[in-house]
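Reader: Walk me through the ligand site. I want each label tested against its rule.
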Amino acid sequence: MKILVPVKRVIDANIRVRVKADNTGVETANVKMAMNPFCEIAVEEALRLKEAGHAEEVIIVSAGPEKAAETIRTGLAMGADRGVHVQTDDRLEPLTIAKIIKAVSDKEGCDLVVLGKQSIDDDNNQTGQMLAALMERPLGSYISKIEKNDNGFAITREIDAGLEDLQISSPAVVTADLRLNEPRYASLPNIMKAKKKPIDAMSPADLGVEVSNRLTVVKVDEPPAREAGVMVSGAEELVDKLKNDAKVI
Ligand code: AMP
């Protein structure tokens, strides 16, 4: 089995995000970037499947500008075998990214695509779903467990009502939720080894994908500043405020 893990380069989750002065987007110049946390979980799970003897190869793919190669390198330092960088400076919407991932998966003959459930910058939560539809493959979204078996994969999904156990056939698409695993740190020797691992570079056009956007970003604003809290004298006043001021009970 070959596993493909699509990863996105986003602003590091520990950095305070600042909106650009002209409200066209968020500031990314000279800002620390990192692999999207849900993508790290996806890479970790693919590596665990490989280490358990279920896969021969784990391939990392990222679509984005030149620097996206650094994020692929992070996945290689965690232990993935090689990378595919689909280079473009254009803004990419989930449908275009899903088309790119499909093209790479078809070309590489991947049996399983493990994505993050969501990218923490745009919060789309769309790419995995669109990919499964385009590929006409079963989708296991928000998984907190996956096991390979003779009929495909036994997965557990995190849903509002609790946990849902499903069996999906192979080939498949799954998206990783927070509790799937705790991603490993790349060790120094593995960071050094990763420098020698191959990354194929190509454009969306090389894969037959046209970058066409359907959404226009109208305006990006800072969230409103939080109002100061109020000290209450006791439970009675608290209940009164919740009832009459906040009107939540
Ligand atoms: P989203 O639909 O944007 O919330 O992203 C969900 C998942 O799609 C991410 O966790 C990645 O696995 C994948 N993904 C999103 N954007 C990219 C990208 N530019 N390159 C590769 N994979 C991506």
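Reader: What makes the pair between Ser119 and the ligand a polar contact?
Author: A polar side-chain atom of Ser119 lies 2.5 Å from an oxygen atom of the ligand. A polar contact is a pair of N or O atoms within 3.5 Å, so the pair qualifies. The protein covers 98% of the 490 Å² of accessible area that the ligand has on its own (Shrake-Rupley method, 1.4 Å probe).

Reader: What kind of model is this?
Author: A predicted one, where local features need pLDDT of at least 70, side-chain atom pairs count only at pLDDT 80 or more, and totals for chains, interfaces and linings use all residues. Residues are numbered from 1 along each chain as its sequence is written, and side-chain values use heavy atoms, without hydrogens and water.

Reader: Which backbone atoms approach a nitrogen atom of the ligand?
Author: A polar backbone atom of Ala63 is 2.8 Å from a ligand nitrogen. For Val7, a backbone N or O atom lies 3.4 Å from a ligand nitrogen.

Reader: How many residues surround the ligand?
Author: 17, with Pro6, Ala63, Ser119, Asn125 and Thr127 the closest. Near means a heavy atom within 4 Å. β4 (57–64) gives the largest share of this shell, three residues.

Reader: Why is Lys148 said to sit over the ring of Phe153?
Author: Lys148 lies over the face of Phe153, at 5.2 Å from the ring centre. The rule asks for NZ of Lys or CZ of Arg within 6 Å of the ring centre and within 35 degrees of the ring normal. Therefore Lys148 counts as a charge over the ring.

Conventions:
Polar contact = N/O pair within 3.5 Å; in protein donor to acceptor, adjacent residues only side chain to side chain. Helix = DSSP H or I, 4+ residues; strand = E, 2+ residues; numbered from the N terminus.
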